[in-house]
Amino acid sequence: MSKMNFNLTTTLREPTELVARGLAAVADLPDLEKVAARYAVAVTPDMAALIDPDDPDDPIARQFIPSVQELVREPSEDPDPIGDHAHSPVAGIVHRYPDRVLFKLVHVCAVYCRFCFRREMVGPGKGTALSQGAYDNALAYIRAHSEIWEVILTGGDPLMLSPRRLAEIMADIATIDHVRIIRIHTRVPVADPARISAEMIAALKVGGATTWVALHANHARELTDRARAACAGIIDAGIPMVSQSVLLRGVNDNAAALEALMRALVECRIKPYYLHHGDLAPGTSHLRTTLEQGQELMRVLRGRVSGLCQPDYVLDIPGGHGKAPVGPNYLAPRNSFSRERGQFEETRYRVADYCGDVHLYPPQP
Ligand code: SF4
């Protein structure tokens, strides 16, 4: 762990600050300024303290310290990689699946992740918090659609709101009878755990709806003592937590790192929910794995940890078509066609165990 960053009290936002702290090379400064002009930069003291500046492959640095590779844009990359715009009926709302909506309240985050799928939309200058009029319209949309059972607060990071404002928003949503679940997606408990105050935890609870918190964490080291205490405060208040992680090259694309992350989450009483395949966000190809690598990692993970530690490996289909599970398939079709006999012969399934050995189901009598 870096001693250089121990005493940091403010969030680093400028490439010059990163260079001064030994977190970026001075030779890269002109290119990093170009990156920072395009995509927001923020490294909180908690995250900076985790970075070893002497390790060029530090998995925390890869997530938050801008890279000159972000200036490379691949043809398949898209400013709106998961197609939010195509499903936004009113400002602030994304209605992709019938029973739930995303409610995007703010455009700012505690940290700016270099792989962010909304990197063209988050950060200072990329937008503002919803105006009162837009907020009222968004609420009216939710109220008018009785099929909406779950409202997912996302952004930006909704826990960047003040506890007072968050409590007001929670109460507004909870007054809508058909909304039963409010899910909050956040990176704040790891990135800036001091924000998880007693007031913030109180704001998460609301009569009339059940709150879930989905924590975004990608490496076991992010679950510091302070982060664990913040999550424990939320869970002890009766709010269940799940996690979502992104599969990232050089961060968690090996079985040991994934295993450590999933075990750490479960130890914190956080159920691993999603492992996202990296989205086609601009300038992020250096952080993406292949789908085959992701499937192989999931196969290995299944051999190492219990079901409690297994997230769903999912791909957000570009164009706004939603998530598809893309984990390895353990079940093979049961029919094989015999050309000789002109008929399907095998009436049993073939199923692979966690070692890769194949078995018939039902077994031989
Ligand atoms: S916290 Fe979430 S929305 Fe904010 S930069 Fe990271 S991935 Fe993007």
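**Strands, helices and selected residues**

User: Where is D316 found?

Analyst: D316 belongs to strand β8, which covers residues 312-316. Elements are DSSP runs numbered from the N terminus: helices are H or I with at least four residues, and strands are E with at least two. This is a predicted model, in which local features need pLDDT of at least 70 and side-chain atom pairs count only at pLDDT 80 or more, while totals for chains, interfaces and linings use all residues. Residues are numbered from 1 along each chain as its sequence is written, and side-chain values use heavy atoms, with hydrogens and water left out.

User: Is D316 buried or exposed, and which residues does D316 touch?

Analyst: D316 counts as buried because its relative accessibility is 7%. Buried means under 20% relative accessible area, exposed means over 50%, and partly exposed lies in between, using a 1.4 Å probe and protein chains only. Leaving aside residues up to four places away in sequence, D316 touches I82, H276, D279, G322 and K323; contact means heavy atoms within 4.5 Å.

User: In what order do the 9 strands of the open sheet stand?

Analyst: The order is β1-β2-β3-β4-β5-β6-β7-β8-β9, and the pairing is mixed. Two strands pair if DSSP finds at least two bridges between them. The edges are β1 (93-97) and β9 (323-325); each has a single partner strand, so one side of each is left without a neighbour in the sheet. On average, neighbouring strands of this sheet are turned by 30 degrees against each other, direction ignored.

User: How many bridges join β3 to β4, and what stands opposite I152?

Analyst: Strand β3 (residues 150-154) and strand β4 (residues 181-186) run parallel and are joined by 4 bridges. I152 stands opposite R183 in β4, and E150 stands opposite I181 in β4.

User: Which residues of β4 are buried on its faces?

Analyst: On one side I181, R183 and H185 are buried, and on the other I182, I184 and T186 are buried, so described as both faces covered. Counted over the strand, 6 of the 6 residues of β4 are buried.

User: Next, M241. Where is M241 placed, and why does M241 count as buried?

Analyst: M241 lies in strand β6 (residues 241-246). M241 counts as buried because its relative accessibility is 3%. Not counting residues up to four places away in sequence, M241 touches V213, L215, C231, I234, I235, R269, I270 and K271.

User: What about R269: what is its phi, and is R269 exposed, partly exposed or buried?

Analyst: R269 has a positive phi of about 70 degrees although R269 is not a glycine. R269 sits in the loop between α10 and β7 and counts as partly exposed, at 45% relative accessibility.

User: Which strands does α10 lie across?

Analyst: Helix α10 (residues 255-267) lies across β5 (210-216), β6 and β7 (270-276), and runs at about 145 degrees to β7. Axes are lines fitted to C-alpha atoms, for helices over the stretch in contact, and angles run from 0 to 180 degrees between N-to-C directions.

User: Turning to helix packing, how do α5 and α6 cross?

Analyst: The axes of α5 (residues 132-144) and α6 (residues 163-174) come within 11 Å and cross at roughly 30 degrees. That makes α5 roughly parallel to α6; angles under 35 degrees count as roughly parallel, over 145 as roughly antiparallel, 65 to 115 as roughly perpendicular and the rest as oblique. The crossing of α5 past α6 is right-handed: the near helix is turned clockwise from the far one by less than a right angle, whereas anticlockwise would be left-handed.

User: Which residues make that contact?

Analyst: Q132, Y135 and L139 of α5 meet R165, E168, I169, D172 and I173 of α6.

User: Where do cis peptide bonds occur?

Analyst: One cis peptide bond runs from G155 to G156, with omega near 10 degrees, and G156 lies in the loop between β3 and α6. Another joins Y361 and P362, with omega about -5 degrees; P362 lies in the segment after β14.

User: How is the sheet containing β14 arranged?

Analyst: It is an open sheet of 3 strands in the order β10-β13-β14, with antiparallel pairing. The strands β10 and β13 (residues 349-352) are joined by 2 bridges, and A332 stands opposite R350 in β13.
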